[in-house]
Amino acid sequence: MSRTGAAPDVVPGAGIELRGVTKTFATRTAKTTALDAVSLFCPPGSFTALIGPSGCGKSTLLRLALGLETADAGEAMIGGEKPVIAARKGVTGIAFQDPALLPWRSVTDNIALPLDLLGRSKAEHAGKIEDLIRLVGLSNFAHSLPGELSGGMRQRVAIARALVTDPQVLFLDEPFGALDQILRRQMNIELQNIWLRNRTTALLVTHGIDEAVFLADTVVVMHARPGRIVKTIAVPFERPRPVSLFSSPEFHLLCDEVAEALHGG
Ligand SMILES: Nc1ncnc2c1ncn2[C@@H]1O[C@H](COP(=O)(O)OP(=O)(O)OP(=O)(O)O)[C@@H](O)[C@H]1O
Ligand SMILES: [Mg+2]
């Protein structure tokens, strides 16, 4: 496997920047520092994977970058703009672990949902929706309802939906967490293909070390209590990455390095 250096090509688009972001949640019984002075920069067109134990603040970080939470200190910027502004313009897209599709809407209409929310015309974007359905391999299911799809297919609808506004930044919060290992690997390969075609700035939250190393050019490792970044690991494998990468010694060495950072003190 050749190594080409970790720096992704410079591409236009929005990056993600967090500067000293701190977020504390206070409940009746406890105070949790979900994020403690977290700084992170994801250049435009880069693919970053965020990995860390449950409760270390990964989803909170995404919610801040989407403008769904506000920081107590520090700031998050998307393409140099405040996250709420970027979200309002459709610069950011998101896919969660639970695809949360509307059961009464067809695949096409579920993918069109963000356009409805942004007040954009679905008819004007019909070609775009068709392209996306093709991109995620669901051309024969455009009129199917979510209940008629497999888990992996539903997840692909969620990814197409996240891409329908042509986001410059794509957040993926454990999008394949509910899938079995075989399907998950297929989805990793598909996501790589989709990303190579779109080159959106991607930030993927995952519990899968192999998924993180296979997809990302940078793996960011977090620890909990307080939530913080403990290590940033560059992944130098050239793209497109073949499925055989999963069984190569270089791949395993990097996975070991991530595991050590994850479990180490
Ligand atoms: N709205 C909230 N109110 C109170 N505490 C919260 C809230 N949201 C998050 N927290 C706390 O902040 C911490 C970080 O939560 P977060 O959901 O970001 O973790 P995570 O890394 O995404 O975990 P997981 O891997 O389980 O999804 C946790 O301790 C959680 O209990
Ligand atoms: Mg989470």
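This is a short tour of a predicted model, stop by stop, with something to select at each one.

**Stop 1: ligand 1**

Start by selecting ligand 1 and showing the residues around it. You should find 14 of them, and the closest are S54, G55, K58, S59 and T60. Sort that shell by class and you get 4 nonpolar, 8 polar and 2 charged residues.

Now turn on the side chains and look at the ligand's oxygen atoms. Pick S54: an N or O atom in its side chain sits 2.5 Å from an oxygen atom of ligand 1. Go next to H207, where an N or O side-chain atom is 3.0 Å from a ligand oxygen. For C56, show the backbone instead, since a polar backbone atom there is 3.2 Å from an oxygen atom of ligand 1.

How much of ligand 1 does the protein bury? Taken alone, the ligand exposes 640 Å², and the protein buries 64% of that.

Switch to cartoon and colour β2 (31-42) and α1 (58-65), the elements that give two or more residues to the shell around ligand 1. Of the elements, α1 gives the most, with 3 residues.

**Stop 2: the largest pocket**

Leave the ligand and select T92, G93, I94, P114 and L117. Of the 18 residues that line the largest pocket, these are the closest to its centre. The pocket has a volume of about 500 Å³.

Which elements should you colour here, as giving two or more residues to the lining? They are β5 (92-96), α4 (113-117) and α6 (151-163). The most comes from β5, with 4 residues. If you colour the lining of this pocket by class, you will see 12 nonpolar, 4 polar and 2 charged residues.

**Stop 3: K23**

Select K23, in strand β1 (residues 16-26). Is this lysine buried or exposed? K23 counts as buried because its relative accessible area is 9%, and the cut-off for buried is under 20%.

Keep the K23 side chain on and add the backbone of T70. The backbone oxygen of T70 lies 2.8 Å from a polar atom of that lysine side chain.

**Stop 4: two cis peptide bonds**

Select R225 and P226 as sticks. The peptide bond from R225 to P226 is cis, with omega near -5 degrees. To place it in the cartoon, find P226 in the loop between β8 (218-223) and β9 (228-234).

Then follow the chain past β9 to R239 and P240. Here too the peptide bond, running from R239 to P240, is cis, with omega near -5 degrees. P240 is in the loop between β9 and α9 (249-263).

**Stop 5: positive phi**

For the last stop, check two backbone angles. Select D166 in the loop between α6 and β6 (169-173). Phi of this aspartate is near 55 degrees, a positive value in a residue other than glycine. With a surface on, you will find D166 partly exposed, because its relative accessible area is 47%, and partly exposed covers the range between 20% and 50%.

Finish at R199, in the loop between α7 (181-198) and β7 (201-205). R199 is not a glycine either, yet its phi is positive, at about 50 degrees.

Notes
Residues numbered from 1 in each chain as written. Chains lettered and ligands numbered in written order. Predicted model: local features only at pLDDT ≥ 70, side-chain atom pairs only at ≥ 80, totals over all residues. Heavy atoms only, no water. Near = heavy atom within 4 Å. Polar contact = N/O pair within 3.5 Å; in protein donor to acceptor, adjacent residues only side chain to side chain. Areas by Shrake-Rupley, 256 points an atom, 1.4 Å probe, with all protein chains shown as cover. Nonpolar A, V, L, I, M, F, W, Y, C, P; charged D, E, K, R; others polar. 1 Å grid on protein atoms, 1.4 Å probe; cavity = no way out; pocket = protein on both sides within 12 Å on 5 of 7 lines; lining within 4 Å. Points joined across faces, edges and corners; volume = space filled by probe spheres on them. Buried < 20%, exposed > 50% of the residue type's maximum accessible area, 1.4 Å probe, protein only.
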